[in-house]
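Please read the following explanation alongside the sequence and the coordinates, moving from the overall build of one chain to the contact between chains and then to some details of the backbone.

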Amino acid sequence: MKGLAVFAVGLLLGAAAAAGLLYVNPLTDPDAPAVGDEQWLSYDAPIQTSLALTHGGDLPLPVNPPRVPELWESTIDGTALLLAALRESDGGLFGFGTRISALSEQTDVLLTGVVVDSVWTISAPGRGILFVIERENAWPIARDILLPAVLFAREWRGIKGYAITTGPQASGYGLVLGVTGEFRDQLGRSQERYELRRYSASKGPLEMSAELGIALPSPPAVTP
Amino acid sequence: MKSLFVSGVIIGFAAVLAAAFYYPWVDHVRIPSRTSVQANGGRVEQFLVRLPADRVAVVATAQSDARLTAFPAAVSLPDVASEGLVLLEHFKIRDAAGDVIGVASRHTVEAQQRLETAWSVVIPSRGAILLRGDAVASTLDRRLLEAGFQTGQPWAGNVRVPAANRDPVGAGELIAGTGEFEALTGQYEEAWQVTGVSPAGELRGTIQLNTVFRGR
């Protein structure tokens, strides 16, 4: 009986050590790709104030506007849809972006973190349409902000910045595809970053900024 | 006793790490794909949007077409200089049997004297399909008016409008994909089958996306 108790204590200690290792695991917190000549587009933040936001109902975020349907069906309840205005650094409107995100089945908390696959469709009035394909890791935000806010049932305050893009390009950047208009058939890279300042476990982010950086090759010089 | 303790630590440690790696943290519900194979090659799959049930959000910079009625009514775009039409539509997407399998956005933008549409169809258990096709302005309104529709009046009937084909021949194209659609190329045709319009301009009907994809 005593031997069993000693084994159980060892088991618990080993499990706790592994859980601690997972919590600080550097494999699930990779370095962000370098910032280059991206054009940074800020979008509505906190995202509750965006033009439209809906999800499966499990996120601590109210859908917006209130009559927008939830994505409640079992096949899509891990999905979120955001429609936001995208603004250039001077505040001018670049366009409107729809971001459809889904938790990835490649998520594991040992090697990859909480993987989210997102597709942005961005319409720039009078200019054209872009797709942005992104693979993101939400684990650092969950570890630093969401879990403490939930576990201690209190609002998180501070200043923390996150570069969440981890792919799908091998270099860690997202992929930009020019679809129509002046962007047609251009290929580029993207990355996305957040700065959180206030987070509520029940209401989601209360103060934050969110930016999508896109870099496209310069248009070829026009020869007269 | 010491060896029991050490064994416990090692087993506990290994068990948690193994669970962290092997546990299916995300396992989307997947409905079997309803695909068929074309005689001359290519995988055929139809996706459907049932209106108005599958609308998630619709908003546009202009109000000149039956499709441009904002939904929900509270959705609106910030002021945009008159740089042509921007129509942003968002739907739940169904397979040919009518089961909801994904979420889609459909953006239509007028740029460089050309009206074009981009669909992104995200099926969480399978991947994303990114499509591009030409659009024809006000085609739906024109066909509805020809069929007797009057603005502000309820209308019932059956009008089928190819919406984003590259007229007169050819179809829109798959320009990229992720997941199981990553290494594919192909075309699609889009058609709106409208069977009614409410006095508020709400469409009733079905959008069909008929796709044919092949390996690169």
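**From chain A to the interface and the loops**

Of the 224 residues that make up chain A, 43% count as buried, a value that, like every other one here, comes from a predicted model. The C-alpha atoms of chain A, taken along the principal axes, fill a box of roughly 90 × 40 × 35 Å. Within chain A there are two helices and 11 strands, and when these elements are followed from the N terminus on, they run α-β-β-β-β-β-β-α-β-β-β-β-β. If one considers the contacts in chain A with a separation of 6 or more, 55% of them are accounted for by residues that stand 24 or more positions apart.

The next step is to see how the chains meet. On the side of chain B, 58 residues are in contact with 61 residues of chain A. The elements of chain B that give two or more residues to the side touching chain A are the helix α1 (2-22) together with the strands β3 (55-60), β4 (86-94), β5 (100-111), β6 (114-123), β7 (127-134) and β9 (172-177). Of these, α1(B) gives the most, with 15 residues. By character, the residues on this side of chain B divide into 39 nonpolar, 14 polar and five charged.

Turning to the backbone of chain B, two peptide bonds that lead into proline deserve a look. The bond from L51(B) to P52(B) is cis, with omega near 5°, and P52(B) lies in the loop between β2 (43-51) and β3 of chain B. A cis peptide bond also joins F71(B) and P72(B), where omega is about -15°; P72(B), for its part, lies in the loop that runs between β3 and β4 of chain B.

Positive phi values in residues other than glycine can be followed in both chains. In chain A, D185(A) has a phi near 65° although it is not a glycine, and it is found in the loop between β9 (174-178) and β10 (187-200) of that chain. D185(A) counts as exposed because only 12 or fewer other C-beta atoms may lie within 10 Å for that class, and D185(A) has 10. In chain B, Q112(B), likewise not a glycine, has a positive phi of about 50° and is found in the loop between β5 and β6 of chain B. With 13 C-beta neighbours inside 10 Å, Q112(B) is therefore classed as partly exposed.

Key: Residues numbered from 1 in each chain as written. Chains lettered and ligands numbered in written order. Predicted model: local features only at pLDDT ≥ 70, side-chain atom pairs only at ≥ 80, totals over all residues. Contact = placed C-beta atoms within 7 Å. Helix = DSSP H or I, 4+ residues; strand = E, 2+ residues; numbered from the N terminus. Nonpolar A, V, L, I, M, F, W, Y, C, P; charged D, E, K, R; others polar. Buried ≥ 20, exposed ≤ 12 C-beta atoms within 10 Å, placed from the backbone.
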